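Please open the structure in a viewer and keep the selection tool at hand. The tour below proceeds stop by stop, stating what to select and what is found there.

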Amino acid sequence: MLKKHRLGKFKNDFSAYILMFPAIFLIFLLIWRPVYQGFILSFFKLQGYEPVEFVGLQNYKDIISETLFKTTVLNTFKYVGLSLLVGFIPPIFIAVMLNEVRWCKGFIKFAIYFPAISPVIVTSLLWTFIYDPSAGGLLNMILLKMGLPAQQWLNDANNAILYIIISMTWSGFGSATILYLSSIKGIGTDMYEAAYIDGAGLWARVWHITIPQVWRIVLLMLVNNIIGVFQVFAQPLAMTGGGPNNATVSLSLLAYRYAFVYLKNEKALAIGMITFVMLVVLTLFYFFLEKRVTYED
Amino acid sequence: MKTKLSDPTGMICQLEFKTMKVKIIHGIFFAVMMLLCMICLLPVIWMFLSAFKDTKEFLKIPPSFLPEKIDFSKVVDTWTQNSIGRTFLNTTFMAAGDILFTIVSNGLAGYVISRLKPRGSKLLFMLIMWTMMLPNNVSQVPLFMTFTDFPVTGWNLSNTYLPMWMLAGANCYYLLLFKSFFDSISISFFESAKIDGATNFKMFTRIVLPLSIPIIAVISIFQFNSAWGNYFWPMLLINNHMQVIGQRILTMKGQMVIDRYVMVMAFVIIPPSVIYIIFQRHIIGGLTLGGVKG
């Protein structure tokens, strides 16, 4: 009897694993194995894709001593820092305001999320026209109409990253706003009404009720945002190609260039591993936060 | 039907809304929102209008906002001369495969982990979750090796859509979405089916599939959109007539007259926009499905 039961369980498990096979196979082949392979190969000198000689940490040493790599790391941190300054806080307050607005709410939601639905590659290219340094660019057109001098925009090496971040914020703030909005909606009016009766002003209500409610999601989004921007790739590729004078090259773009433009795969792998380690730390932090968030909810 | 003016979720209470001060604050909020809407829509509107200008007008100083005339033959010309139709067809084909792979592979796995729970699946799920957020730039080169020289068989998969399809089938985020959706289906459905002697696969097709049409729809929409903008692996792997729109929009830049290029960009934005207009509710609802996802 017991034996039969065990056999049945085994048969059940077996058929369950067959159903799961496609996903496990693909995740193994396309996510786990490449990371492992990349890790191993980064310690080798490569000829094309064939490892020819074990060189230990030489690839890492080579890449770290390059000035371009230093610029790139700095750039990447600049991307992350600026995105937090420019793009991170506004969606929270936009969501708070949108939650109060009583007219055209459907339209506002529609419009705010609109930039997020077009492919990033297209919106990045669209923004190169908006940032066109000639008088025909949309922004320069507006500046000239207002009697202000035209700007160089993406050709301005000092601020190009800022302008890229602004375009990224344009296409990304909609989804963040919608997420915050749905969290704020969960508060319900009772608490606000009670606060109102107790004489709390609007600002006090935002500060003491709304912000504490969304706080944990804000934290998650913060880590998520850092991880995302750390890997910024499409925007510099499409908008500046890394220029002017490598002022906008990001780590991902550099890794891509080494792999598929300069054809120095070992260096691409070393950069990839370095980014990987930096991001794993952040990812661990994310899971730590997420666990706390889901349990506390 | 009366239009609903009051919104039950706001912090401004019904009574308070009658005071002047709060009305002004609400007015300011509304103005800020309208300004935001303009910022969101203006670049796109500008793109559509500029697409109709001819090159001379496009670069004219001082520039104009509205095109002088709307010439529809230019639309047809731009469409046919750049074989946009063929590229759109390719992209749709790729997107359809992406959707199929993502639903079948991630859906089945989500179902197994959520419902059948074979031994070891918990550990597997934890592993999958841990790898969900891993950065992908370390795997670029090994993946390229995998696609051009497939393990064991040695196949070269470039100039096919299989690499993109397989990547769509290994989407841990959708797997998680499916799993949490199946978690929410009432257990009694499964128990009664089991008593009736249904096999795992039968339970999936007869019970799970019909119940999960909403989540399948949402994931299909998202997958279509991401396929429509997919440029990375196509750019590296496809260099013949099978090219998709994401990679072509990159290579076309600088090869075309500027106003025609803007028109191609407008073409590209139309399908996702139409889908968004039709399925707005599902898309915005789907965003908050998995909790937090940037």
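Begin by selecting helix 5 of chain A, residues 105-117, together with helix 1 of chain B. In this predicted model, the two helices pack at an angle of about 35°, and their axes are 8 Å apart. Their crossing is left-handed. Next, display the residues that make this contact: on helix 5 of chain A they are A:Ile108, A:Ala111, A:Ile112, A:Phe114 and A:Pro115, and on helix 1 of chain B they are B:Met33, B:Leu36, B:Cys37, B:Cys40 and B:Leu41. Colouring them by class shows 10 nonpolar residues, with no polar and no charged ones.

Now widen the selection to both chains. How many residues of chain B are in contact with chain A? There are 82 of them, and they meet 88 residues of chain A. Helix 1 of chain B, which spans residues 20-51, gives the most to the side of chain B that touches chain A, contributing 13 residues. By class, that side of chain B comprises 58 nonpolar, 20 polar and 4 charged residues.

The next stop is chain B by itself. Select residues 17-67 for domain 1 and residues 77-287 for domain 2. The C-alpha centres of these two domains of chain B lie 34 Å apart. Where they meet, 9 residues of domain 1 are in contact with 8 residues of domain 2. On the domain 1 side of chain B, the elements that give two or more residues are helix 1 and helix 2, the latter covering 55-58. Helix 1 of chain B provides the largest share of that side, 5 residues. The domain 1 side of this contact in chain B divides into 5 nonpolar, 2 polar and 2 charged residues.

Turn then to chain A, selecting residues 2-41 as domain 1 and residues 60-296 as domain 2. The centres of these two domains of chain A, taken over C-alpha atoms, are separated by 37 Å.

The final stop is the largest nonpolar core, which has 155 residues. Which of its residues touch the most other members? They are A:Tyr180, A:Ile271 and B:Met265. Centre the view on A:Tyr180 and show the residues around it: leaving aside residues up to four places away in sequence, A:Tyr180 touches A:Pro91, A:Ile92, A:Ala95, A:Val214 and A:Ile217.

Notes:
Residues are numbered from 1 along each chain as its sequence is written. Chains are lettered from A and ligands numbered from 1 in the order in which they are written. This is a predicted model: local features need pLDDT of at least 70, side-chain atom pairs count only at pLDDT 80 or more; totals for chains, interfaces and linings use all residues. Two residues are in contact if their C-beta atoms, placed from the backbone, lie within 7 Å. Helices (H or I, at least four residues) and strands (E, at least two) are DSSP runs, numbered from the N terminus. Ala, Val, Leu, Ile, Met, Phe, Trp, Tyr, Cys and Pro count as nonpolar, Asp, Glu, Lys and Arg as charged, and the others, Gly among them, as polar. Axes are lines fitted to C-alpha atoms, for helices over the stretch in contact, and angles run from 0 to 180 degrees between N-to-C directions. A crossing is left-handed if the near helix is turned anticlockwise from the far one by less than a right angle, and right-handed if clockwise. Domain bounds come from an automatic or database domain assignment. A nonpolar core is a set of buried Ala, Val, Leu, Ile, Met, Phe, Trp, Tyr and Cys residues joined through C-beta atoms within 7 Å. A residue is buried if 20 or more other C-beta atoms lie within 10 Å of its own, exposed if 12 or fewer, and partly exposed in between; C-beta atoms are placed from the backbone.
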